[in-house]
Amino acid sequence: MTKEISERELALAVLLEIERGEKSHIALRQVLEKYQYLGKQERAFLTRLCEGTTERRIELDYIINQFSKVKTDKMKPVIRNLLRCAVYQMEYMDQVPTSAACNEAVNLAVKKGFKSLKGFVNGVLRNIARNLEKISYPDENNTAEYFSVKYSMPLWIVEQWLADYGKEQTEQILQSFYLERPTTIRVNENRMSRAELKKKLEEEGVTVEEHSQVASALLVSGYDYLGALESFRNGAFQVQDAASILVAESAGIKNGDYVIDVCAAPGGKALHAAQLLEGSGHVEARDLTENKVELIRENICRMGFENVEAIQQDATVYDAASALKADVLIADLPCSGLGVLGKKTDLKYKMTPEQEKELAELQREILAAVHDYVKPGGTLVYSTCTIWQSENEENTRWFLECFPEYSLENEKQIFPSRETDGFYIAVLKRRAGGQ
């Protein structure tokens with residue numbers, strides 16, 4: 001029996017959706033949900049092909065453009081993405097025969113209505129296949145351009161990281177995005193202990209590792225999808241990166257505290273705060289839209305907490321009723337997301353210098369609006385999931401200059417690795433006198 005639609009055709013559909021502006025993880029998830037009959041191996045192949053082709057896009061275009069008179073930015077979207085997909089298989093998927101990658105791309109070009117271009121697709125790919133070991137890359141002495149192509153990172157981002165962190169640290173950051181990463185989860189000890197959850201997950205066929213840095217986290221892999229796991233449906237854990245877990249752990253939350261999380265969706269930090277309160281105190285988990293608030297409510301229900309509520313509130317608008325109300329205020333704010341590129345592979349292509357600047361300004365706007373919610377002697381934790389000094393250290397300096405009643409207790413820039421995303425956390429303490 002011949003399949004009506006192959007994994008490569010599904011991958012092409014995902015790549016075209018991403019190019020139209022859909023987020024990569026959403027486009028892939030929608031296809032995986034629609035075609036649930038796919039076996040585990042087929043789902044893994046499709047996922048690898050979509051994610052790999054997306055994250056290696058700059059390098060793939062660089063290779064194609066050496067062998068095609070028509071450059072990728074001038075090609076029809078279907079042809080451009082067929083070529084990228086095929087070159088990714090030839091370069092990075094050893095188990096796929098080169099002939100299969102070429103033939104499937106040609107067949108798909110015909111199936112998608114581009115029969116007249118089958119010779120072009122075939123010629124470009126056969127030429128690349130013959131010369132794959134002879135690809136010319138930028139001179140390594142031109143560090144920024146070389147890193148940009150080798151790691152498929154937009155040049156402007158590479159140049160800024162080189163200026164901020166130097167060559168060695170920049171290359172470590174770039175390499176980290178290509179590490180195979182397990183999923184990080186936080187144990188909900190209201191439901192079961194860490195040891196009990198580990199045992200339960202292993203019974204469900206999941207591979208479980210200890211996290212080397214964060215005691216409340218586990219690393220899981222080898223599962224098909226989370227919704228199939230009883231332990232997930234029953235709220236025994238929350239998917240949350242280790243760096244994100246450190247936000248609530250850095251806040252010094254104690255029994256009876258009132259906690260406000262001003263940009264909370266999907267609710268991981270707020271739920272962690274509720275867990276640290278051990279049933280006492282109260283957590284307000286706020287976000288801008290009803291959709292985001294509903295997502296928080298779903299997680300509250302699944303995790304089984306009663307000392308946390310989800311509220312729709314625009315963080316940029318000062319809420320007088322919240323003044324001097326919070327023992328702890330969590331401000332994990334919208335950012336460029338350049339610390340999570342290992343998970344959101346397309347984000348680097350969508351971000352621009354202008355957008356990054358606007359986000360840094362938005363962060364300041366929110367901090368100015370919410371800083372007075374903290375009680376004298378209380379704590380404000382400012383965090384982002386990026387590696388960008390203007391959004392991180394520079395915003396913290398700005399905040400301390402504007403609001404001298406605060407002092408910096410702790411500050412850390414976490415760089416991405418196999419076990420953690422890139423993240424920034426600043427713990428700010430309001431003086432007991434309040435001024």
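This passage describes the internal cavities of a predicted model. Rolling a probe the size of a water molecule over the atoms shows where empty space is left. In this structure, two cavities of 30 Å³ or more were found.

The largest cavity has a volume of about 70 Å³. Its lining is made up of Arg 8, Leu 12, Asn 81, Leu 82, Cys 85, Ala 86, Gln 89, Ala 101, Glu 104, Ala 105 and Leu 108. Three elements each give two or more residues to this lining, namely helix H1 (7-19), helix H5 (77-92) and helix H6 (98-111). The most is given by H5, with five residues. Sorted by class, the lining of the largest cavity contains seven nonpolar residues, together with two polar and two charged ones.

The second largest cavity holds about 40 Å³ of space. Leu 15, Ile 18, Glu 19, Thr 53, Thr 54, Arg 57, Asn 81 and Arg 84 line this cavity. At least two residues of the lining come from each of H1, helix H3 (40-55) and H5. Here H1 gives the most, with three residues. The lining of the second largest cavity divides into two nonpolar, three polar and three charged residues.

The two linings can also be considered together. Asn 81 lines the largest cavity and also appears in the lining of the second largest cavity. Helices H1 and H5 are among the elements that give two or more residues to the lining of the largest cavity, and both also supply at least two residues to that of the second largest cavity.

Notes:
Residues numbered from 1 in each chain as written. Predicted model: local features only at pLDDT ≥ 70, side-chain atom pairs only at ≥ 80, totals over all residues. Heavy atoms only, no water. 1 Å grid on protein atoms, 1.4 Å probe; cavity = no way out; pocket = protein on both sides within 12 Å on 5 of 7 lines; lining within 4 Å. Points joined across faces, edges and corners; volume = space filled by probe spheres on them. Helix = DSSP H or I, 4+ residues; strand = E, 2+ residues; numbered from the N terminus. Nonpolar A, V, L, I, M, F, W, Y, C, P; charged D, E, K, R; others polar.
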